[in-house]
Amino acid sequence: MKTKSIWGNPPKRLYKLIQRAEKDFGKDFTTCIVGCSDGKFLMPFARKGIKVIGYDIDDIALYGGIKLFPIVPQKVKYEYQKNFKSQEYKLEEKRVLGITERIEIEKLNKYTEIEKLDFYKNPPKQKYDVVFTSCSLHYSINKDFNLQEKTEMLQNIVNKNGYLYIDYMMAIEENDYELYPKNKFYRKGEMLKYFDDSWQIISYKENNKPSFEGAHVDCVKDHFHRFGYILAKKVK
Ligand SMILES: C[S@@+](CC[C@H](N)C(=O)[O-])C[C@H]1O[C@@H](n2cnc3c(N)ncnc32)[C@H](O)[C@@H]1O
């Protein structure tokens with residue numbers, strides 16, 4: 001039985017990355033998802049029979065439990081304003097599946113390894129052919145490391161000829177270091193500075209404008225994000 005992530009379906013970019021890696025390595029490659037949450041980005045690898053390890057620190061995302069969801073009577077999309085104030089939504093409790101439960105239900109244990117680990121405090125020694133993280137860097141528990149250090153920790157676990165993919169949060173107001181501290185939110189062009197000539201940049205995009213996100217589990221007020229992503233290959 002196919003299960004679902006509470007975060008919805010992965011973007012096409014993820015499937016393109018899997019195809020690219022399969023073209024290079026066949027099925028015989030290793031993947032690491034840093035901040036695997038309930039498996040949105042991990043399950044597609046395992047379902048294809050690719051070995052994948054996931055690290056996270058969130059017990060409910062790992063093992064399942066109760067989360068609070070906002071009750072949004074009518075979805076409204078707002079335009080960005082610097083001092084935007086969201087309305088308050090009532091909350092309801094729902095039981096959500098953790099990644100280990102999803103793996104069990106889909107019988108994918110053979111391909112997966114899940115570990116509760118604070119990745120940036122205890123980066124593993126092992127290297128992988130594909131390393132993937134989506135929006136883990138800005139979490140407050142990672143505030144003791146600057147963005148260069150965190151980016152390098154991800155780079156350090158990529159095998160030669162392997163790939164690194166990062167979705168990251170950018171400062172909506174580039175000069176506001178209070179709302180958007182510099183160890184959490186990348187400034188325009190900053191990410192590229194951390195990739196030296198041992199990396200080939202395959203794709204890279206930084207949005208100029210923030211995008212609206214309606215209230216959701218784990219962030220129960222309407223809010224805005226500005227995203228960037230990078231896919232790079234370790235060539236040296
Ligand atoms: C934003 S979520 C990923 C799923 C997501 N909501 C999405 O759709 O992109 C990021 C995950 O990274 C995890 N994370 C953040 N810092 C971490 C760390 N130091 N070690 C392991 N996991 C971490 C969080 O617990 C969270 O589950």
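What radius of gyration would a compact globule of 236 residues have, and what value does the protein have? In this predicted model, the protein has a radius of gyration of 18 Å, which agrees with the value near 18 Å that a compact globule with 236 residues would have. The C-alpha trace spans about 50 × 45 × 30 Å along its principal axes, and buried residues account for 29% of the 236 residues. Of the contacts between residues at least 6 apart in sequence, 71% join residues that are at least 24 apart.

The secondary structure comprises 6 helices and 11 strands. Seven of the strands are arranged in an open sheet with mixed pairing, in the order β5-β2-β1-β6-β7-β11-β8. Because β5 (112–116) and β8 (199–206) each have a single partner strand, these two edge strands are each left with one side that has no neighbour in the sheet. From one strand to the next, the twist averages 10°. At the β8 edge, the partner is β11 (residues 227–234), to which β8 is joined by 7 bridges in an antiparallel arrangement; within this pairing, Ser203 has Leu231 of β11 as its bridge partner.

Two helices that pack on the sheet may be described in turn. Helix α1 (residues 12–25) touches β6 (128–134), β7 (158–169) and β11 as it packs on the sheet, and the direction of α1 makes about 175° with that of β7. Helix α5 (residues 147–155) likewise packs on the sheet, where α5 touches β1 (30–34), β6 and β7, with a direction that makes about 140° with that of β7.

Note on methods:
Residues numbered from 1 in each chain as written. Predicted model: local features only at pLDDT ≥ 70, side-chain atom pairs only at ≥ 80, totals over all residues. Helix = DSSP H or I, 4+ residues; strand = E, 2+ residues; numbered from the N terminus. Rg over C-alpha atoms; globule rule 2.2 N^0.38 Å. Buried ≥ 20, exposed ≤ 12 C-beta atoms within 10 Å, placed from the backbone. Contact = placed C-beta atoms within 7 Å. Pairing = 2+ DSSP bridges. Axes fitted to C-alpha atoms, helices over the stretch in contact; angles between N-to-C directions.
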